[in-house]
Amino acid sequence: MTLTVALNSARSSLMAAGTQAAAVSRNIAGATQDGYSRKNVLLATMPGNGVFVEGIQRATSTGLFNNVLKAASTSAKQDSIYNGLQKISATTIDDPELDQSPAAQLAKLRTALQQSATAPDNVTLAQAAVTAAKAVAASLNDATSTVQGVRLDADADLASSVANINQLLAQFETVNTAIVKGTIAGSDTTDYLDLRDGILSKLSQEVGITVSTRANNDMVIYTDSGVTMFEKSARTVSFDQTFGFSPSTTGNAVYIDGVPVIGASAVMPVQSGKIAGLAALRDDTTVSYQNQLDEIARGLVESFAESDQTGASLPDVPGLFTYAGAPAIPASGVISVGLAGSISVAASVDQSVGGDPTLLRDGGISGNAAYTYNTDGNAGYFDRLQQLADGLTESRAFDPAALANPNGGLIDFAGSSVSWLESQRSSASDESTYSQTLLERSADALSNVNGVNMDDEMTFMMQVERTYSASSKLISAVDQMLQDLLDSVG
């Protein structure tokens, strides 16, 4: 080896060691930063000139990163569903001491009716039955308000999520452009790549995505249903928020580049991410529970309806329970949308507002004498009260679309509604826990690949220092040899 070759080798080694030391320092500084990936210096050899720095590479795993994106989307979806169901359950069925569920209130009403039937001349017991009926109506009214409030919140959260998606896509466009330009120029783009991965991680929480990398590190983003979100430029995500929800309200769709991906009109619906969970909560789960509440209300109106007692074949009319739109009786076995929100107890039987609770025993609550059951005015008449109590357990038809027991009694149907809601909440909780565990394990696996291990970095730094020291000594030795050669010539 000539002195020139030795000097060139030592000099290139010294420069490479300096770059490696800088990379180690960079890793140590980034160890506590979210989304930072370890940077490695790529070295190559050149005959006669030693080693040279070929580039900076970041530690990563495309497969593991994609697993993290998928797990984040699934977790966000399940969390959105569970949180909404938790709000509904906490208000409508959770507190066993309050017994606020419609099923519990129906059971109390039946007991009150049976007690009134044992002493039909007791006005206090009659008013107690009316009060129990008012509690049933109030539970249905309150549950409807809660359900529609959860739908309203989900819709508002959808609007926030869409705004976040658009913001993240705009950020992604800026960073992706910098990566493509830097790759073409041969610059170090590893920090930009980390930044782009961080944006993708946040985006995956809002909507399920898949990604594809093309030439020059250019990236394309699709939804998990195949709709393009980014290709050279960000696609527009749009959504019109609804500012008031009733049981008959249908939430608006979310569009990506004009394609509906959320809502009843969605042709390529997204399967995961926060917006998928919010849409399922707003349009499916809450709607089904509202249908069940409406069926309970319809069953009450039907069960307590009064029939013509004169033989004139007059139509049935609402009795103890009435609603907006009375005096018609809702069609049997068919959901009457929004009924649970408007059901109430007839004022004519409520003593607290000047009504007569004995009409519950006698009939004629509507004010029409043709519907009077106790035509003789017998104070000991109890048949109607017992009939009303038995009607709460009498089998009747419910709309199967409500997803609860379609053929049992009203109390049974209300109980099956509670069970259905609890089943939905429990399932969402289990799915949320599982998806969160999967996300944590996927993130840990990725961190093991691209994370910074301080012990490894310090060990490598010591190796770099030894290489640097050896190269410096070699340069000093070559310098001394050259000096000796010059002195001998002189």
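**Exercise 1.** In which loop, and between which two strands, does Asn216 lie? Determine also whether Asn216 is buried, partly exposed or exposed.

*Solution.* The model used here is a predicted one. Begin with the location: Asn216 belongs to the loop that connects strand 3 (209–213) with strand 4 (219–223). Next, consider the backbone, where Asn216 has a positive phi of about 60 degrees although it is not a glycine. Finally, the relative accessible area of Asn216 is 37%, and because partly exposed covers the range between 20% and 50%, Asn216 is partly exposed.

**Exercise 2.** Carry out a corresponding analysis for Lys232, which lies in the loop between strand 5 (228–231) and strand 6 (233–234).

*Solution.* Lys232, although not a glycine, has a positive phi of about 70 degrees. Its relative accessibility is 59%, and since exposed means over 50%, Lys232 counts as exposed.

**Exercise 3.** Check the span of helix 5 (residues 190–206) against the value expected at 1.5 Å a residue.

*Solution.* The 17 residues of helix 5 should span 24 Å, because the expected span takes 1.5 Å times one less than the number of residues. The end C-alpha atoms of helix 5 are 25 Å apart, which agrees.

**Exercise 4.** Describe the sheet that has the strand order 7-8-9.

*Solution.* The sheet is open, and its 3 strands pair in antiparallel fashion. Strand 7 (237–239) and strand 9 (259–262) each have a single partner strand, so they stand at the edges, with one side of each left without a neighbour in the sheet. From one strand to the next, the twist averages 35 degrees. Strand 7 is joined to strand 8 (residues 254–256) by 3 bridges, and Ser238 stands opposite Tyr255 in strand 8.

Definitions and conventions
Residues numbered from 1 in each chain as written. Predicted model: local features only at pLDDT ≥ 70, side-chain atom pairs only at ≥ 80, totals over all residues. Heavy atoms only, no water. Helix = DSSP H or I, 4+ residues; strand = E, 2+ residues; numbered from the N terminus. Buried < 20%, exposed > 50% of the residue type's maximum accessible area, 1.4 Å probe, protein only. Pairing = 2+ DSSP bridges. Axes fitted to C-alpha atoms, helices over the stretch in contact; angles between N-to-C directions.
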